[in-house]
Amino acid sequence: MPQTTETDDRRVAAPLALHEAYAHCATLIREHDHDRWIATLYAPESQRPALFALYAFSHEIARIRAQVSEPLPGEVRMQWWRDLLEGEAKGEPQSHPVAAALLDAVARYRLPIAPLTALIEARIFDLYDDPMPRLSDLEGYAGETASALIRLACLVLANGRDPGGAAACGHAGVAYALTGLMRAFPWHSAAGQVYIPADILGRNGVTRDDIVRGRGGPGVHYSLKELREIARAHLKKLRGLRETVPPAVAPAFLPVALVEPYLHAMERPGYDPYRTIIALPPWRRQWTIWRAARAAR
């Protein structure tokens, strides 16, 4: 929690020192996004704080739905982040550790604001129970969230310069996001959220109501299988663009090395999308990312 000082008999939040704000972001990612935390350890030490700030910002936006009981308060929170990035936030943004670190990272590495606000805009979908209409909508959602985050991380690793590799960022983010959404299927379906596009569900004879009521049957398995094939198609395109990714920005891509092992885990006998938790042992995740980092060098 932010420290407070007494002023005019009122409790007001005191700005945090930047090192405290960055340390908060690192702790947040270590606890809630361990794959990206491991990957960031392969970045130069001087650039890790800014990467943790970006990932912490994404985490803050992603968890808004869980913090509110209705969509409108969630939209208010997202608007605060938009205002923050556009310099219009009320109050003292520096009292929020993630906000303080993010603003410093944006200034330090001359990061563009538009991808950050587009990420917030895309995440408004999370606040509602509307179905994802088409595959193109899902890929767009993944592009504005996961792909944009990889692209921004590349800018940090390139010290604010454009390192190229934008297409690789796009495919990497879509593969990573689709895999993450499939891994989160048990929680999303229980909460009434359906990220499998309606056009894919329709081809397999499933509706949104079937999924949230836990009665999708084989159609759910076929739909998830189709999504896995799409994720692998993006991985294949990413491999074809490997030469466009400079070694210096490789840490931004390292979490994508876990996509194939996660997808493979979904294809084991007995997989139940409603109950099976797709996870890898810590040693396996660390080894997979280490191997990817070594290959990138």
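**Exercise 1. Find which residue R285 forms a salt bridge with, and work out where the two partners sit.**

*Solution.* Step 1: R285 pairs with D35 in a salt bridge, and their closest N and O atoms are 3.1 Å apart. That fits the rule: a salt bridge is a side-chain nitrogen of Lys or Arg within 4 Å of a carboxyl oxygen of Asp or Glu.

Step 2: Now place the partners. R285 is in helix α15 (residues 282-296) and D35 is in helix α2 (residues 34-40), so this pair links distant parts of the chain, 250 residues apart. Helices here are DSSP runs of H or I with at least four residues, strands are runs of E with at least two, and both are numbered from the N terminus.

Step 3: Check the cover. Buried means under 20% relative accessible area, exposed means over 50%, and partly exposed is in between (1.4 Å probe, protein chains only). R285 counts as buried because its relative accessible area is 14%, and D35 is buried too, with 5%.

Before you go on, a word about the model: it is predicted, so local features need pLDDT of at least 70 and side-chain atom pairs count only at pLDDT 80 or more, while totals for chains, interfaces and linings use all residues. Residues are numbered from 1 along each chain as its sequence is written, and side-chain values use heavy atoms, with hydrogens and water left out.

**Exercise 2. Say how many salt bridges the structure holds, then look at a few.**

*Solution.* Step 1: The structure holds 16 salt bridges.

Step 2: Take R65 and D129, whose closest N and O atoms are 2.9 Å apart in a salt bridge. This pair also links distant parts of the chain: R65 is in helix α4 (residues 64-67), D129 is in the loop between α7 (114-123) and α8 (135-157), and they are 64 residues apart. D129 is partly exposed, because its relative accessibility is 34%.

Step 3: Next come R134 and D137, joined by a salt bridge of 3.1 Å from N to O. R134 is partly exposed at 46% relative accessibility, and D137 is partly exposed at 24%.

Step 4: Finally, look for shared partners. R228, R232, E260 and E267 are joined into one network by salt bridges that share partners.

**Exercise 3. Follow the contacts of L18 and D104.**

*Solution.* Step 1: Find L18 in helix α1 (residues 18-32) and D104 in helix α6 (residues 97-109).

Step 2: List the contacts, meaning heavy atoms within 4.5 Å. Leaving aside neighbours within four places in sequence, L18 is in contact with A100 and D104. From the other side, and not counting residues up to four places away, D104 touches L18 and Y22.

Step 3: Compare sequence with space. L18 and A100 are 82 residues apart in sequence, but their C-alpha atoms are 7.0 Å apart.

Step 4: Add the accessibility. L18 is partly exposed, with 33%, while D104 is buried, with 17%.

**Exercise 4. Work out what the phi values of R110 and N159 are.**

*Solution.* Step 1: Start from the usual case. Most residues other than glycine have a negative phi.

Step 2: R110 has a phi near 55°, a positive value, and R110 is not a glycine. N159 also isn't a glycine, and its phi is positive at about 55°.

Step 3: Place them. R110 lies in the loop between α6 and α7 and is exposed, at 55%. N159 lies in the loop between α8 and α9 (166-183) and is partly exposed, at 37%.

**Exercise 5. Explain why C25 has no bond to C154, and give the disulfide count.**

*Solution.* Step 1: A disulfide is a pair of cysteine sulfur atoms within 2.5 Å. By this rule the count is zero.

Step 2: The closest cysteine sulfur to that of C25 is in C154, but at 19 Å the gap is too far for a bond. C154 is in no disulfide either, and its nearest cysteine sulfur, in C169, is 3.9 Å away.

Step 3: Check the cover once again: C25 is buried at 0% relative accessibility, and C154 is buried at 1%.
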